[in-house]
Structures are given as C-alpha cells and as structure tokens.
Amino acid sequence: MNVLETWILLLLISTWVNGACDVTPWECTGGLSQCDTSGPTCVATVNCAGDSANCVNLTDNTGKLLPVCSYSDECVACSDDPALCSGATPQCNLSTQACMAIIVDCTTDADCAEIVDSSGALTTCNTGTAMCEHPACTAHNVAAVCVVGGKTVCNTWSGSCDYVKTDCAHDSECAGLVDASGALTTCNPGYTTCERPACTAHNVSDVCIAGSKTVCNTWNGSCDSVKTDCATDSECAGL
C-alpha cells in the first residue's frame with residue numbers, strides 16, 4: 001500500500017469514526033439526535049428560542065431539514081406543522097421544508113409543485129393572478145375555495161379559481177368551468193357569459209327565470225330571452 005492509499009484509508013476511517021452526519025445522519029442517536037451539517041457534527045436537540053435562524057443547517061437523523069422554529073422552540077420541518085407558516089411567509093416548500101412567501105409570478109401549476117398552504121393543501125397556479133393559491137379547486141369545493149376569495153368560478157381542468165368569463169361566444173369556451181354549485185357552465189351568447197348551469201327542459205324555472213331570462217335553448221343549454229322575431233315554428237326549435 002503506497003502513501004496515497006494509506007492517507008485515503010485513514011481519511012475514510014476518520015470520517016467513519018467521527019461521523020459525517022450530513023452523509024450518514026442516522027449516526028446521530030441518543031442525546032445527539034440532530035445533525036448540524038455545517039460541521040458536520042451530531043448535536044443535542046436545539047432550542048431555537050423562537051428564532052428560525054437558530055435552525056439553519058439542521059437536520060434530524062433521517063436527513064430531513066428542520067429550518068423552522070416551532071411554538072415549543074424546537075426546530076422542525078414546515079411539513080410537520082404547515083400552520084407555523086404565517087405572516088409574510090404563509091406557505092411551506094416541501095423541498096426545502098422552509099416557510100416562504102407566496103409565489104406571485106407563476107405561469108403553470110408546475111411552478112407551484114411541492115408548495116402547500118398553511119392548511120397543508122397543495123397549491124396550484126392561478127394564471128389570472130400569477131399566484132400559487134389555496135388550494136386546487138374542484139367541482140366539489142368551489143363555494144369554499146373560490147367564492148370566499150372573491151372568485152366565483154372554478155376551472156376544473158387547472159384547479160384554479162377565476163372570475164366569470166364574460167366574453168364567450170361558444171359553449172366550448174366554458175368547458176371545464178363550474179359555478180359555485182359545482183355545475184358545469186355553458187355560454188349564453190346573448191350576454192357572452194359562462195352561466196350557471198346548463199339549462200334543460202326540466203330546470204328552466206330554476207335556472208333561467210331566476211336569472212331574468214324565461215326561455216331555455218335546449219340544444220345548447222343556454223338561457224335566453226323570448227325570441228320576438230320568428231316567422232316560422234322552425235325558428236323556435238329547441239326553445
């Protein structure tokens with residue numbers, strides 16, 4: 001064995017004996033159950049005294065980052081208690097385990113991947129506001145998630161809350177949009193709005209008359225005003 005090989009072997013032995021806990025965090029046990037990766041060295045449970053700055057470079061003995069100071073002055077991962085994320089940093093980044101400010105320049109849901117709100121719900125990108133918002137909406141939670149935030153429609157394709165679409169020309173432009181009741185909307189070409197919900201011969205009085213329109217076009221599910229310029233019965237087909 002030459003000198004270089006001997007030196008490398010001694011270095012490996014030294015590393016194993018002293019414990020490079022940033023590589024092998026499971027070596028931190030007993031009273032020294034956390035790893036200060038700046039050392040790296042095993043340390044006793046840190047009392048962060050209300051300041052997350054005291055948790056920098058700290059992991060548990062599984063290697064999980066512990067960058068947030070809890071109410072009990074323990075360094076924890078924000079995924080352990082997302083409610084710890086509040087104020088200017090109300091969201092938790094599951095990758096870094098640190099609390100963070102709301103992203104305000106997202107363009108796709110991928111930009112919000114691994115970001116949860118203080119309730120622990122994964123967020124998605126609201127392309128209207130470019131914010132990672134809470135949480136992804138579905139046809140089952142529009143009233144709770146969207147209406148509370150001032151937006152009354154959920155795009156179920158993207159999970160983003162939005163305002164009522166007011167420039168539609170065809171039903172296809174309302175595809176995936178549901179109202180606060182969870183009902184899919186269709187385009188009312190007279191008002192160019194995606195309205196609630198698609199009308200049928202069985203719900204005209206609830207859907208259309210309540211909205212001041214008294215006729216339902218059952219071919220496209222849109223409410224409308226009474227047609228006043230017909231010349232033949234064929235012009236009333238489907239109404």
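Me: How many disulfides does a search of the whole structure find?

Reply: In this model, which is predicted, a search of the whole structure finds 12 disulfides.

Me: What makes C28 and C42 a disulfide?

Reply: A pair of cysteines counts as a disulfide when the sulfur atoms are within 2.5 Å, and the sulfur atoms of C28 and C42 are 2.1 Å apart, so the pair meets the cut-off.

Me: Which parts of the chain does the pair of C28 and C42 tie together?

Reply: C28 lies in the loop between helix 1 (3-18) and strand 1, while C42 lies in strand 2, so the disulfide ties together parts that are 14 residues apart in sequence.

Me: Is the disulfide of C28 and C42 left-handed or right-handed, and why?

Reply: The torsion about the S-S bond is about -80°, and the disulfide of C28 and C42 is therefore left-handed.

Me: Why is C28 called buried?

Reply: A residue is buried when its relative accessible area is under 20%, and C28 has a relative accessible area of 0%, so the word applies to C28.

Me: What is the arrangement of the sheet that includes strand 2?

Reply: Three strands form an open sheet in the order 2-1-3, and their pairing is antiparallel.
Strand 2 (41-43) and strand 3 (58-59) stand at the edges, each with a single partner strand, so one side of each has no neighbour in the sheet.

Me: How do you know that strand 1 and strand 2 pair?

Reply: Pairing requires at least two bridges between the strands, and three bridges join strand 1 (residues 34-36) to strand 2, so these strands count as paired.
As an example of a bridge partner, Q34 has V43 in strand 2.

Me: Where does D51 lie, and what makes D51 partly exposed?

Reply: D51 is in the loop between strand 2 and strand 3.
Partly exposed stands between buried, under 20%, and exposed, over 50%, and the relative accessibility of D51 is 37%, so D51 belongs to the class in between.
From C-alpha to C-alpha, D51 and E74 are 9.7 Å apart in space, with their positions 23 residues apart in sequence.

Me: How do you know that a disulfide joins C78 to C92?

Reply: The cut-off for the two sulfur atoms is 2.5 Å, and the S to S distance of C78 and C92 is 1.9 Å, so this pair qualifies as a disulfide.
C78 is in the loop between strand 5 (75-76) and strand 6 (91-93), and C92 is in strand 6, so that the pair links distant parts of the chain, 14 residues apart.
With 70° about the S-S bond, the link of C78 and C92 is right-handed.

Me: Why are C78 and C92 called buried?

Reply: Buried means a relative accessible area under 20%; C78 has a value of 0%, and C92 also has 0%, so the term fits each of them.

Me: What makes C174 and C194 a disulfide?

Reply: Their sulfur atoms are 2.1 Å apart, and the limit for a disulfide is 2.5 Å, so C174 and C194 are counted as one.
The pair links distant parts of the chain, with C174 in the loop between strand 12 (160-162) and strand 13 (177-178) and C194 in strand 15 (residues 193-195), 20 residues apart.
Both C174 and C194 are buried, and the torsion about their S-S bond is about -85°, so this disulfide is left-handed.

Me: Why is there no bond between the sulfur of C230 and the closest cysteine sulfur?

Reply: The closest cysteine sulfur to that of C230 is in C236, at 4.0 Å, whereas a disulfide needs the sulfur atoms within 2.5 Å, so the distance is too far for a bond.

Me: What makes C230 and C236 partly exposed?

Reply: The class lies between the limits of 20% and 50%; C230 has a relative accessible area of 41% and C236 has 30%, so both residues are partly exposed.

Me: Where is N141 found, and what is in contact with N141?

Reply: N141 is in the loop between strand 10 (131-133) and helix 2 (142-145).
Leaving aside neighbours within four places in sequence, N141 is in contact with A136 and C146.
A polar atom of the N141 side chain also lies 2.7 Å from the backbone nitrogen of T138.

Technical notes. Residues numbered from 1 in each chain as written. Predicted model: local features only at pLDDT ≥ 70, side-chain atom pairs only at ≥ 80, totals over all residues. Heavy atoms only, no water. Helix = DSSP H or I, 4+ residues; strand = E, 2+ residues; numbered from the N terminus. Buried < 20%, exposed > 50% of the residue type's maximum accessible area, 1.4 Å probe, protein only. Polar contact = N/O pair within 3.5 Å; in protein donor to acceptor, adjacent residues only side chain to side chain. Contact = heavy atoms within 4.5 Å.
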